[in-house]
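Subject: Structure handover, with notes on what it contains

Dear colleague,

I am passing on the structure below, and after it you will find my notes on cysteines, aromatic rings and internal cavities. Please read them with the model open.

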Amino acid sequence: MTWRWRRRAGAATFVMRATALVVVACTFACVLLASRPAHAFPWMIREGYTGCNTCHADPSGAGILTAYGRGMEEVVLRMPYKKDADPGKLGNFAWSVDLPEQLLLQTDFRNLALVLFPSGSSAQFQDVLMQLDQSAQLKLGRFRMNGSIGYSPPSVANGEFTGGGLGATLTDAPGQYGALVARQYWLGLDIGKDEEFLLRAGRINVPFGVRTIEHPFLVRQVTRTDIDKGQQHGVSLAYTGEKVRGEIMAIAGNFAISPDAFRERGGSGFFEWMPSNKVAVGASALITHADQARTDYDASLAPAPIWRHAYAVHARISPVKPLVILAEFDALLNSQLVAGNAENHAGVVALLQADVQVYQGIHVLAAGEVYNGHIGETSTYDTTTATAWLGAWWFFAPHFDFRIDGVYSSGSAPGLPPSAQGTSLLAQIHGYL
Amino acid sequence: MRRLFAFAFASVSLLVTSRARATAEFPGQIVTDQKITCTNPIWDGNGCTICHTDDNGGLGTATKPFGRYMKSQGLTPFNDQKLAALLTALQNESPHATDTNCDGTPDIDELTSCQWPQLAVDQCGADGGTGGDGGVPLTVFYGCSTSPAVGDGEPILPGGAAIAIAGLLAAVTIRAKRRKR
């Protein structure tokens with residue numbers, strides 16, 4: 001056997017393997033597609049976890065848990081009923097299944113009972129299936145294929161699809177049978193000696209601000225960076241180090257919406273510095289352009305091209321173990337050219353949240369937000385919306401948690417339905433395999 | 001390896017959704033398709049500006065109302081067939097109604113009567129139509145298969161899948177180079 005023969009044989013093997021990989025990737029991306037938020041707990045810094053990639057496949061947080069993350073949920077998140085009890089395999093997929101280390105699977109179910117007390121009208125009750133998703137990640141060497149697919153049903157009230165996930169739907173929406181949603185799907189390559197870099201391409205959470213599970217927070221809705229439906233298609237590079245982490249993303253647009261004029265293109269990124277394992281501070285920037293502003297999302301905008309800017313600073317601090325403070329301040333600028341005239345709207349949105357772990361597995365949360373997107377203007381839009389949250393969260397059983405929230409909002413904000421104005425009571429249960 | 005690169009190049013070229021860019025023959029094609037006979041129809045060579053900010057065109061410059069509308073209906077660069085289909089659709093309106101720049105005159109009538117300079121002026125106010133009757137507020141569609149932009153000559157796969165495939169191929173290439181070393 002000559003070296004030439006060996007080289008040819010090696011090349012042929014490689015091409016075959018590469019072709020097989022491409023076929024698998026195509027199948028995965030085109031048929032399976034997708035994802036949805038599962039967890040995103042920035043207050044895990046109380047346990048000394050400043051980064052996200054130890055517990056989540058997404059290095060910037062949220063989504064499918066790693067095997068380590070599943071174990072952590074049992075050890076430090078769930079309410080313990082026996083002192084120093086060994087959780088064994090309870091954290092595993094379906095409470096017991098040993099998956100190959102290359103494979104992550106997660107099935108999520110989340111249901112919300114919602115009572116709205118809109119200003120000036122009678123109370124309304126809604127039952128919302130927030131999440132029914134199957135997530136997966138396959139890691140072969142340094143290659144990753146990650147995604148999930150979910151179902152979002154039509155609303156019970158009128159038989160039409162009004163539920164979450166608009167902006168992440170694969171199938172026609174609205175539709176009387178609901179829709180398939182695909183919030184994330186990406187291919188990734190781990191780079192670096194310790195795989196500290198992750199290069200991804202696909203539909204990805206937009207790296208900006210504090211990544212939190214409370215997707216209706218104004219800081220996430222106004223900047224359109226929530227993990228419910230705010231993902232964009234593009235390419236990103238994430239870095240996770242001991243003291244610094246961050247991610248930058250080139251945004252190619254959200255191809256789950258059309259026409260193309262509404263797709264935002266540009267870039268976004270954040271970095272976070274962790275001077276200690278109880279303190280993290282960061283900054284973010286987002287600049288996008290669309291040929292047509294989303295007037296359905298923000299009625300104050302003109303139906304014209306738009307440059308959308310957002311710049312943020314944020315902090316996560318745990319001064320004592322039971323308490324975690326989250327803060328984010330965003331400066332906003334919407335710049336439009338309307339009938340040849342420049343129209344610039346400057347604004348701010350800010351969040352302050354306190355999470356108190358009164359006992360392992362039981363959390364009390366309080367948050368306040370303010371938003372004004374038209375500061376100093378003479379229009380009727382120059383108003384400040386304030387919201388207040390008070391909630392309790394109980395991680396009561398392996399893979400299960402229950403949460404109740406009371407929310408008051410003095411006004412409206414981009415991305416929020418009119419019914420959000422006033423008082424709301426929310427009760428949600430979440431379980432996963 | 002060459003086949004792999006060829007496949008990668010072909011995949012990216014074919015699958016990634018294109019953005020509308022200046023296509024030099026479009027003004028002339030409008031004149032031909034619509035059998036426009038009035039003098040100086042394309043406005044001393046400034047015809048590109050009915051869609052683009054200037055005659056140089058370029059990525060992201062089709063921001064005039066008519067340009068945004070045509071893109072929203074699926075027009076992509078060099079797609080003469082799609083342009084013809086869209087012009088036919090405008091002609092088939094009865095009565096002509098699409099007035100993207102809100103000046104009170106239907107766009108197709110402005111094209112055929114050589115009022116291209118007027119069509120290039122955005123008269124829509126912040127409310128979308130203070131400059132005249134009409135205006136075409138675009139509607140957001142959700143889901144891959146609802147897109148009005150998907151049509152003749154459009155890519156079959158969503159852009160995300162194309163990007164993902166391109167990423168995988170790049171990764172495979174990097175790994176192959178490392179193995180060689």
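How far is the sulfur of Cys55(A) from the closest cysteine sulfur, and which residue holds that sulfur? The closest one belongs to Cys52(A) and lies 8.6 Å away, which is too far for a bond. Please bear in mind that this is a predicted model, and that the values given here are computed from it.

Cys52(A), for its part, is in no disulfide, and its nearest cysteine sulfur is that of Cys55(A). Both cysteines fall under the 20% limit for burial, so Cys52(A), at 15% relative accessibility, counts as buried, and Cys55(A), at 12%, counts as buried as well.

Chain B is where a disulfide does appear, and the structure holds one over all chains. This disulfide joins Cys38(B) to Cys114(B), with an S to S distance of 1.7 Å. Because the torsion about the S-S bond is about 80°, the disulfide is right-handed. Cys38(B) lies in the loop between helix 2 (26-33) and helix 3 (65-72) of chain B, while Cys114(B) lies in the loop between helix 5 (107-112) and helix 6 (116-119) of that chain, so the bond ties together parts that are 76 residues apart in sequence. As for their surroundings, Cys38(B) has 28% relative accessibility and therefore counts as partly exposed, whereas Cys114(B), at 18%, counts as buried.

Turning to the aromatic rings, a search of the whole structure finds nine aromatic pairs over all chains. One of them is formed by Phe41(A) and Trp393(A), which meet edge-to-face, with 5.1 Å from centre to centre and 90° between the planes. This pair links distant parts of the chain, since Phe41(A) sits in the loop between helix 1 (3-32) and helix 2 (67-77) of chain A and Trp393(A) in strand 16 (residues 385-397), 352 residues apart. Phe41(A) and Trp393(A) are both buried. Trp393(A) has a further partner in Arg403(A), whose charged end sits over the tryptophan ring at 4.4 Å from its centre. A similar arrangement is found where the charged end of Arg200(A) sits over the ring of Trp186(A), 4.8 Å from its centre.

Another of the pairs is made by Trp394(A) and Phe396(A), which are tilted, with 5.3 Å between the centres and 50° between the planes. Trp394(A) counts as partly exposed at 36% relative accessibility, and Phe396(A) counts as partly exposed at 22%. These two residues belong to one aromatic cluster together with Trp95(A) and Phe400(A).

Finally, the cavities: the structure holds nine of 30 Å³ or more, and the largest has a volume of about 370 Å³. Its lining is made up of 33 residues, and those nearest the centre of the cavity are Ala40(A), Phe41(A), Pro42(A), Cys52(A) and His56(A). Two residues discussed above therefore return here, as Phe41(A) and Cys52(A) are among the residues nearest the centre. Helix 2, strand 10 (265-276) and strand 12 (306-320) of chain A are the elements that give two or more residues to this lining, and helix 2 provides the largest share, with five residues. By class, the lining has 17 nonpolar, ten polar and six charged residues.

With best wishes

Technical notes: Residues are numbered from 1 along each chain as its sequence is written. Chains are lettered from A and ligands numbered from 1 in the order in which they are written. This is a predicted model: local features need pLDDT of at least 70, side-chain atom pairs count only at pLDDT 80 or more; totals for chains, interfaces and linings use all residues. Side-chain values use heavy atoms; hydrogens and water are left out. A disulfide is a pair of cysteine sulfur atoms within 2.5 Å. Helices (H or I, at least four residues) and strands (E, at least two) are DSSP runs, numbered from the N terminus. Buried means under 20% relative accessible area, exposed over 50%, partly exposed in between (1.4 Å probe, protein chains only). Rings of Phe, Tyr and Trp (its six-membered ring) pair if their centres lie within 6.5 Å; planes under 30 degrees apart count as stacked, over 60 as edge-to-face and the rest as tilted. A charge sits over a ring if NZ of Lys or CZ of Arg is within 6 Å of the ring centre and within 35 degrees of the ring normal. On a 1 Å grid over the protein atoms alone, a cavity is a set of points where a 1.4 Å probe fits but cannot get out, and a pocket is an open set with protein on both sides within 12 Å along at least five of seven lines; lining residues have an atom within 4 Å of a point. Grid points are joined across faces, edges and corners, and a volume is the space filled by probe spheres set on the points. Ala, Val, Leu, Ile, Met, Phe, Trp, Tyr, Cys and Pro count as nonpolar, Asp, Glu, Lys and Arg as charged, and the others, Gly among them, as polar.
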